[in-house]
Amino acid sequence: MHADVEWMMMLTYAIVGIGIVCALISPIKNLFSSPKAALKALIGLVVAAAVVFGCYALSSATPVPNSAGGVFDNAFDLKFTDTMLYLTYLFAGVSIVAIIAGEIRNAIK
């Protein structure tokens, strides 16, 4: 793997790790202030984990040729990047639908 790509993948792993830690800390913090809010946060966390697992299940580890004539064949990196791409596409689609639905709802009011 090229050195620049390796550095970017390590940065991506760190950002995803920070996100996971923050997602786990939030329900624990809410547990002390409001148990009902903590339950909702935990349900949201389970739904988010199911979406990530679904995207991971759809991702492929098929080797990808690069411009230097070699191939990227690290299965973990390939599945990780595919999962992140699928999540990005999913969230972009959900955002677009939410924007359109919100505008239609405001126009009807």
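## Order of elements

In this predicted model, the protein chain runs α-α-β-β-α from the N terminus on. That order comprises three helices and two strands. Two of the helices come up again below: helix α2 covers residues 35-58, and helix α3 covers residues 75-108.

## Overall dimensions

The protein chain is more spread out than a compact globule, because its radius of gyration is 19 Å, well over the 13 Å that the globule rule gives for 109 residues. Taken along the principal axes, the box filled by the C-alpha atoms is roughly 55 × 40 × 25 Å.

## Burial, contacts and surface

Of the 109 residues in the protein chain, 11% are buried. Among contacts with a separation of 6 or more, 42% join residues 24 or more positions apart.

The exposed area of the protein chain is about 8,200 Å², and 75% of it is supplied by carbon and sulfur atoms. As for charge, the chain carries 6 positive and 6 negative side chains. The centres of these two sets lie 30 Å apart.

## Cysteines

The structure has zero disulfides. Two cysteines can be described by their accessibility. C22 has a relative accessibility of 48% and therefore counts as partly exposed, since exposed requires over 50%. C55 has a relative accessibility of 7%, so it counts as buried; the cut-off for buried is under 20%.

## Helix α2

A37 lies in helix α2. Its relative accessibility is 30%, so A37 counts as partly exposed. From A37 to A48 there are eleven residues in sequence, and the C-alpha to C-alpha distance between A37 and A48 is 16 Å.

## T83 and its contacts

T83 is located in helix α3. With a relative accessible area of 3%, T83 is buried. Leaving aside residues up to four places away in sequence, T83 touches V52, C55, Y56 and S59.

One of these partners, C55, is the cysteine that counts as buried at 7% relative accessibility. The contact between T83 and C55 thus pairs two residues that fall under the 20% cut-off for burial, with T83 at 3% and C55 at 7%. Residues 35-58 form helix α2, and the partners of T83 include V52, C55 and Y56 from that range, while T83 itself belongs to helix α3, residues 75-108.

Methods:
Residues numbered from 1 in each chain as written. Predicted model: local features only at pLDDT ≥ 70, side-chain atom pairs only at ≥ 80, totals over all residues. Heavy atoms only, no water. Helix = DSSP H or I, 4+ residues; strand = E, 2+ residues; numbered from the N terminus. Rg over C-alpha atoms; globule rule 2.2 N^0.38 Å. Buried < 20%, exposed > 50% of the residue type's maximum accessible area, 1.4 Å probe, protein only. Contact = heavy atoms within 4.5 Å. Areas by Shrake-Rupley, 256 points an atom, 1.4 Å probe, with all protein chains shown as cover. Lys, Arg positive; Asp, Glu negative; His and termini not counted. Charge placed at Lys NZ, Arg CZ, Asp CG, Glu CD. Disulfide = S-S within 2.5 Å.
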